[in-house]
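The following exercises are to be worked with the sequence and the model side by side. Each task is followed by a solution in steps.

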Amino acid sequence: MIYSEEELKRPTELECDVVRFQNNKDKWIAFVGLKDNRPYEIFTGLADDEYGISLPKSVTHGKIIRATNPDGSHRYDFQFTNTRGFKTTVEGLSYKFDKTFWNYAKLISGVLRYGMPIEQVVKVVSSMQMDSDSINSWSTGVARALKRYVPGHEDDYDPENDVAD
């Protein structure tokens, strides 16, 4: 599906799936923003309190909200409904993750936004060869996270056994 310029304008809120994966020995989290039930953008980072984001394992869905800071710049927040029914917002996804991985995720998001078929995005991400083992295993995890959106592979993703090495 190829979007028109008007369709490419990012909505203020996008439904989002939360996908966890392992990169070497580190636990990672991916936020896959969905538009028309199709991946539209992806944010990834460490799943921990100190250097990334820690969420309860029960959180598998929410919203990515584009917010405007007082200085006019933009940030992306994640909002979910907790088990008691209260909305919880994690502000500043764009500031919580390592810049290198953030930039690769922005590149992948750009490809998704312009409508490249998901099967092709998975192939591109899977074939990325970087100078760092950490980035290579990260791309394997991202490819697995996106593969669940390929028709016929919806049930391939198993968060309990998802390890990228």
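**Exercise 1: A polar side chain**

In this predicted model, the side chain of Arg20 reaches the backbone oxygen of Val59 at 2.9 Å. Determine whether Arg20 is buried or exposed, and locate its other backbone partner.

*Solution.*
1. Arg20 belongs to strand E1, which spans residues 13–23.
2. The relative accessible area of Arg20 is 19%. Buried means under 20%, so Arg20 is buried.
3. The backbone oxygen of Pro56 lies 2.8 Å from a polar atom of the Arg20 side chain.

**Exercise 2: The hairpin of E2 and E3**

Establish in which sense E2 and E3 pair, and over how many bridges.

*Solution.*
1. The two strands, E2 and E3, are antiparallel and share 8 bridges.
2. Across this pairing, Phe31 stands opposite Phe43 in E3.
3. The hairpin has 2 residues between its strands, and Asp36 takes a positive phi near 55°.
4. Of the 9 residues of E3 (38–46), 8 are buried, so this strand is largely enclosed by the rest of the structure.

**Exercise 3: The nonpolar cores**

Identify the element that gives the largest share of the largest nonpolar core.

*Solution.*
1. The largest nonpolar core has 24 residues; Val32, Ile108 and Trp138 are among those with the most contacts inside it.
2. Two or more residues each come from E1, E2, H3, H4 and H5.
3. H5 gives the largest share, 5 residues.
4. Beyond its neighbours within four places in sequence, Ile108 is in contact with residues including Ile42, Val125 and Leu146.
5. Another core, of 16 residues, lies apart and includes Phe31 and Tyr76.

Terms used
Residues are numbered from 1 along each chain as its sequence is written. This is a predicted model: local features need pLDDT of at least 70, side-chain atom pairs count only at pLDDT 80 or more; totals for chains, interfaces and linings use all residues. Side-chain values use heavy atoms; hydrogens and water are left out. Helices (H or I, at least four residues) and strands (E, at least two) are DSSP runs, numbered from the N terminus. Buried means under 20% relative accessible area, exposed over 50%, partly exposed in between (1.4 Å probe, protein chains only). A polar contact is a pair of N or O atoms within 3.5 Å; within protein, one must be able to donate a hydrogen and the other to accept it, and residues adjacent in sequence count only if both atoms are side-chain atoms. A nonpolar core is a set of buried Ala, Val, Leu, Ile, Met, Phe, Trp, Tyr and Cys residues joined through side-chain atoms within 4.5 Å. Contact means heavy atoms within 4.5 Å. Two strands pair if DSSP finds at least two bridges between them.
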